[in-house]
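The following note sets out points for a colleague who is reading the model alongside its sequence. It begins with one residue and works outward to the whole chain.

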Amino acid sequence: VTISFAIEAKDGDARAGHAVTASGRRFATPAFMPVGTRGVVRTLDSEDLLRTGAEIVLANTYHLMLRPGADAVAAVGGLHRFTGWEGPMLTDSGGFQVFSLPSGTVKVDDDGVTFRSAYDGSSHRLTPERAVEVQAMLGADVQMVLDVCPPLPSPPEVVRQAVERTAAWAARAKAAPRGEGQALFGIAQGGIDEALRAESASRTVEIGFDGYGIGGLSVGESREEMGPALAAAISALPADRIRYLMGVGDPARLVDAVAMGVDLFDCVLPTRHGRHGTVLTDAGRYNLSNARFRADPGPLDDACPCEVCQRSSRAYLRHLLSVQEPTGARLVTLHNLGWLLRFVADMRAAICEGSFGAFRTSTLAIWST
Ligand SMILES: [Zn+2]
């Protein structure tokens, strides 16, 4: 195993622990990964990320393999040196972005997927082996296998085929040579069909990985549909490995998933919201573009200890966003990311104190609508 994982406390099925990568980089769980789409969390640098409380960051293989190219990142010494982020990093396989491209630009077969670059229309191919090779050049601490992620809802035969290809590709990815010390996580698919979810998870576990992603959720289904599918996947996963629910970051789904024993998350939600003026607070979310904030001297969130809330008024931040000054997006992103990472740290503390049930109830009262 190239990533060690220890559980320190449990509250029901929720768990608090920590992971240490082969290079000695450590993060506490549950953990939320900000998304560094093109090798950067948009508008922030690595010092900013540290101040928000981020411990582990995700980078998108799809974008980096096209711009600047994985070879350029490797030539500079890998993603840590390239980005200046010294903490743990995880790369996705590129599959999720590729399968999200317009349907005329993607062609999938049993061997892999061919797609056109959104940058210049050039043709590229990803296979399970190539995804491992590209991620080895990028050099993050954790790699993800290439999987097939259908949108929801999809016809049953499409979800079944995604499960079959994901399993076959996982075995090929595991056999491919990767970077020294890099962990490799498998991914369970299966849509919202509970039996398929459990089957996909157990077939992934049979191949054997350092940790397990649960993919293809929060892609169009309701929170009520996600729960049973997630539970079915988790029931087939080993307790002593990290469980990573991919692409989920809204507080209601976070508490639901942590209650079932998920350890790791990523999502563009806090950063994308920040750029569009949607502010996350203890009382819920609001949009700063509302005219009532035009001359509001208060901070984004009264209770927030972040540097933005200490220094800047809603009136000022609303003004910066409305005249499209980049600093506006940057400051609201800093607040939002800080808020979400504190929320995740509070979940962890509640698990350790045995009060996670109450934490979940109060979170759902605000965020489940
Ligand atoms: Zn703040």
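**Note on the predicted model**

1. In this predicted model, T29 belongs to strand β3, which covers residues 26–29. Is T29 buried or exposed? Its relative accessibility is 0%, and because buried means under 20%, T29 counts as buried.

2. The surroundings of T29 deserve attention. Setting aside neighbours within four places in sequence, T29 is in contact with F5, R15, A16, G17, H18, D263 and R348. One of these, G17, is in β2 and stands opposite I7.

3. Strand β2 (residues 14–21) pairs with β3 through 4 bridges, and the two run antiparallel. Within this pairing, A19 stands opposite F27 in β3. The two strands form a hairpin with 4 residues between them, and G24 in the turn has a positive phi of about 90 degrees.

4. Strand β2 also pairs with β1 (residues 3–11), again antiparallel, with 8 bridges joining them. The hairpin of β1 and β2 has 2 residues between the strands, and there G12 takes a positive phi near 65 degrees. Of the 8 residues of β2, 7 are buried, so this strand is largely enclosed by the rest of the structure.

5. A parallel arrangement is found elsewhere. An open sheet of 9 strands follows the order β4-β15-β14-β13-β12-β11-β7-β6-β5, with parallel pairing. Its edge strands, β4 (31–33) and β5 (35–36), each pair on one side only. Within the sheet, β11 (residues 142–144) and β12 (residues 183–188) run parallel and are joined by 3 bridges; V142 stands opposite A183 in β12.

6. Turning to the whole protein, the model contains 15 helices and 17 strands. The radius of gyration is 20 Å, close to the 21 Å that the globule rule gives for 369 residues, so the protein is as compact as a globular protein of that length. The C-alpha trace spans about 60 × 50 × 40 Å along its principal axes.

7. Burial and contacts may be considered together. Buried residues account for 57% of the 369 residues. Of the contacts between residues at least 6 apart in sequence, 66% join residues at least 24 apart.

8. On the surface, the protein exposes about 14,800 Å², of which carbon and sulfur atoms supply 52%. The protein has 36 positive and 42 negative charges, and their mean positions are 4 Å apart.

Conventions. Residues are numbered from 1 along each chain as its sequence is written. This is a predicted model: local features need pLDDT of at least 70, side-chain atom pairs count only at pLDDT 80 or more; totals for chains, interfaces and linings use all residues. Side-chain values use heavy atoms; hydrogens and water are left out. The radius of gyration is taken over C-alpha atoms; the globule rule is 2.2 Å times the number of residues to the power 0.38. Buried means under 20% relative accessible area, exposed over 50%, partly exposed in between (1.4 Å probe, protein chains only). Contact means heavy atoms within 4.5 Å. Accessible areas come from the Shrake-Rupley method with a 1.4 Å probe; for residues, only the protein chains shown count as cover. Lys and Arg count as positive and Asp and Glu as negative; His and the chain ends are not counted. The place of a charge is taken as NZ of Lys, CZ of Arg, CG of Asp or CD of Glu. Two strands pair if DSSP finds at least two bridges between them.
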